[in-house]
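Notebook open, model loaded. I'm jotting down what I look up as I go.

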There are 2 protein chains.
Amino acid sequence: MRSTGTRTLRRAETPARLERRVRLRLDIAYDGTEFSGWALQPGRRTVQQTVEAALCQVLRLESVSTVVAGRTDAGVHARGQVCHVDVPAGVLEQDGAAGSAGPALESLLRRMTGVLPVDVRVRAIAVAPPGFDARFSALSRRYAYRICDDRALIDPLRRREVLAWPRRLDVEAMNAAGALLLGEHDFAAFCRRRDGATTVRTLLELEWTRDRLVVARVVADAFCHNMVRSLVGSLIAVGEGKRPIGWPAHVLAGRTRQPEVWVSRPHALTLEEVTYPSDNELAAQDGRARRVRTLS
Amino acid sequence: MRSTGTRTLRRAETPARLERRVRLRLDIAYDGTEFSGWALQPGRRTVQQTVEAALCQVLRLESVSTVVAGRTDAGVHARGQVCHVDVPAGVLEQDGAAGSAGPALESLLRRMTGVLPVDVRVRAIAVAPPGFDARFSALSRRYAYRICDDRALIDPLRRREVLAWPRRLDVEAMNAAGALLLGEHDFAAFCRRRDGATTVRTLLELEWTRDRLVVARVVADAFCHNMVRSLVGSLIAVGEGKRPIGWPAHVLAGRTRQPEVWVSRPHALTLEEVTYPSDNELAAQDGRARRVRTLS
């Protein structure tokens, strides 16, 4: 009985264990308006659920599991989202394109476009290089936050991605305040806490420019939950003259979440780009990123 | 009896006839997706109906009648639409701002923003200079037509204003073909006919540029019905290599509507700007524009 049981178990396991799997990198853009964010949530329409369902349909698989670079919140958009997914290598050969994966990937991309709803698009699909992990290999994430503070420039066509602000903002003051936040810090004051997760991050860029719209370019190695929107909210308070230039840095130094920090609205936030190191640096970056960081 | 009748008629007419009226210029932007175009149509949601209803509500008038620079079709957007409306001068003084209209106009603009739906915004309201007519004083209208012909650049956030095209377009060929259409011509071949209306127009600019998107900049003194979309449709056929560079000019010379000319989809078209002469040239331009033109 015991040996039979073992054999049965092995038989069932063998195909999956031995079948070669291939990791795909997907570059994705979406209008977050009608999504409850990226991550799977029971009973909610999320980007992850939508993309995984489309992959299952097109690849004729029962389930797939994506890993994403930036877990965007409800209402947040993406132009440069990246995820990876491991699929049986055989699915790339079913079009008779053994050898080169190119035609199979091109066909997969076309079929994904046909299956996905209009508010999410896969822009590119490639076989990921060895060591690639969409989340842990990433060097940095870049977000944009867009504000229109001039009634004469309000554009209804862009209302889903631009915050309409009723008063003129002082971009110079916002940049002076933002510059004080750059570098490696514990950003706990600007994050919604998750148990066991670090809030130590390196803020690489935070710059506002005015070119009709007032746009923030925010780059960090990674962001914790609500971090961009809390940073933006604190800087808007400075831009309005309601808080002094040193206030966001003062909040940061407190290291505890502050109820006075406004979490700015999600619809004006877009994940624009995720950067990765060159292929031979992927695994090393993965190792560094997985370490839970603490400030020395 | 007769004289009494005359007196009654006069009494009823007097207030309207003698009341001073003031012409307002409104600069308007809208997302045309959910509108059946600009012009009033019974039972349809149009921009004109929406703007006039908001003006009536805010100014407490029973009816107003706007005159517009560009009668956009269903689904077409605007960032630089201009209309005028004549209202009793008294409505600008009801906030106690007799003398300068500035504060009353500022208040009117704010109240319009509060009353209008999110897909249409008044960007500016001013007292029009003498001789100004939104339609007949205009020197030119500028439209943009936006196409994305690269799957790697598809942006779901802009899907309401950009045509997704599945094949790469040859911008150089489209520009060569467009250049042959410049100048004053009878554009009947590219217009849906309206009885009694001329189809003689001067096409001032037609240039395609590629900067991620492929965008046409199209400027004319005025456009007839479907003209921009028909011009764009004929140039896309050239850009795809389906028609030779000389084909649109050949169609133009035929002076009759051609069923082979595809009227490109409306959602990628936006009225970007209307230009007017300096204030002392307004009335003269109005006179010129009202003449029905024929080609000599």
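Which residue in S8(B) is the bridge partner of B:His185? I looked it up, and the partner is B:Arg201. Note to self before going on: this is a predicted model.

**Entry 1: around S8 of chain B**

I followed that bridge to its strands. Strand S7 of chain B covers residues 183–186 and pairs with S8(B) in the antiparallel sense, over four bridges. I then checked what else S8(B) pairs with. Strand S9 of chain B, residues 213–220, is joined to S8(B) by eight bridges, and these two run antiparallel as well. One pair I picked out there is B:Glu205 with its bridge partner B:Val219 in S9(B).

I also looked at how S8(B) gets to S9(B). The two form a hairpin with one residue between them. B:Arg212 sits in the turn and has a positive phi of about 65°.

**Entry 2: B:Leu203**

I stayed in strand S8 of chain B, residues 200–211, and clicked on B:Leu203, which lies in it. Is B:Leu203 buried or exposed? It is buried, because 22 other C-beta atoms lie within 10 Å and the cut-off for buried is 20 or more.

Next I listed what B:Leu203 touches, leaving out residues up to four places away in sequence. The list is B:Leu181, B:Leu182, B:Gly183 and B:Ala220. B:Gly183 falls in S7(B), residues 183–186, and B:Ala220 falls in S9(B), residues 213–220. I also took a distance to B:Arg135: B:Leu203 is 68 residues from it in sequence and 17 Å from it in space, C-alpha to C-alpha.

**Entry 3: chain A as a whole**

I zoomed out to chain A. I counted seven helices and ten strands. The C-alpha trace spans about 75 × 45 × 40 Å along its principal axes. Of the 296 residues in chain A, 36% are buried. I also checked contacts with a separation of 6 or more: 70% of them in chain A are between residues 24 or more positions apart.

The domain assignment splits chain A into domain 1 (2–127) and domain 2 (140–288). Their centres, taken over C-alpha atoms, are 30 Å apart. Domain 1 of chain A gives 15 residues to the contact and domain 2 gives eleven. On the domain 1 side I tallied five nonpolar, seven polar and three charged residues.

**Entry 4: two helices in chain A**

I looked at H5 (residues 227–239) and H6 (residues 247–254) of chain A. Their axes come within 9 Å and cross at roughly 145°. From H5(A), the residues A:Ser234, A:Leu235 and A:Val238 meet A:Trp247, A:Pro248 and A:Val251 of H6(A). That contact has five nonpolar residues, one polar and no charged ones.

**Entry 5: chain B against chain A**

How many residues of chain B are in contact with chain A? I got 21, and they touch 21 residues of chain A. The elements of chain B that give two or more residues are strands S1 (21–30), S3 (77–88) and S4 (120–127). S4(B) has the largest share, four residues. By class, the chain B side comes out as ten nonpolar, one polar and ten charged residues.

Then I superposed the copies. Chain B lands on chain A with an RMSD of 0.0 Å after a turn of 180° and a shift of 0.0 Å along the axis, so the relation is that of a two-fold axis. In chain B, B:Arg158 has the C-alpha nearest the axis, 4.0 Å from it. The same surface serves both copies, with 100% of the contact residues of chain B recurring in chain A.

Definitions and conventions: Residues numbered from 1 in each chain as written. Chains lettered and ligands numbered in written order. Predicted model: local features only at pLDDT ≥ 70, side-chain atom pairs only at ≥ 80, totals over all residues. Contact = placed C-beta atoms within 7 Å. Nonpolar A, V, L, I, M, F, W, Y, C, P; charged D, E, K, R; others polar. Least-squares fit on C-alpha atoms with pLDDT ≥ 70 in both. Axes fitted to C-alpha atoms, helices over the stretch in contact; angles between N-to-C directions. Domains from an automatic or database assignment. Buried ≥ 20, exposed ≤ 12 C-beta atoms within 10 Å, placed from the backbone. Pairing = 2+ DSSP bridges.
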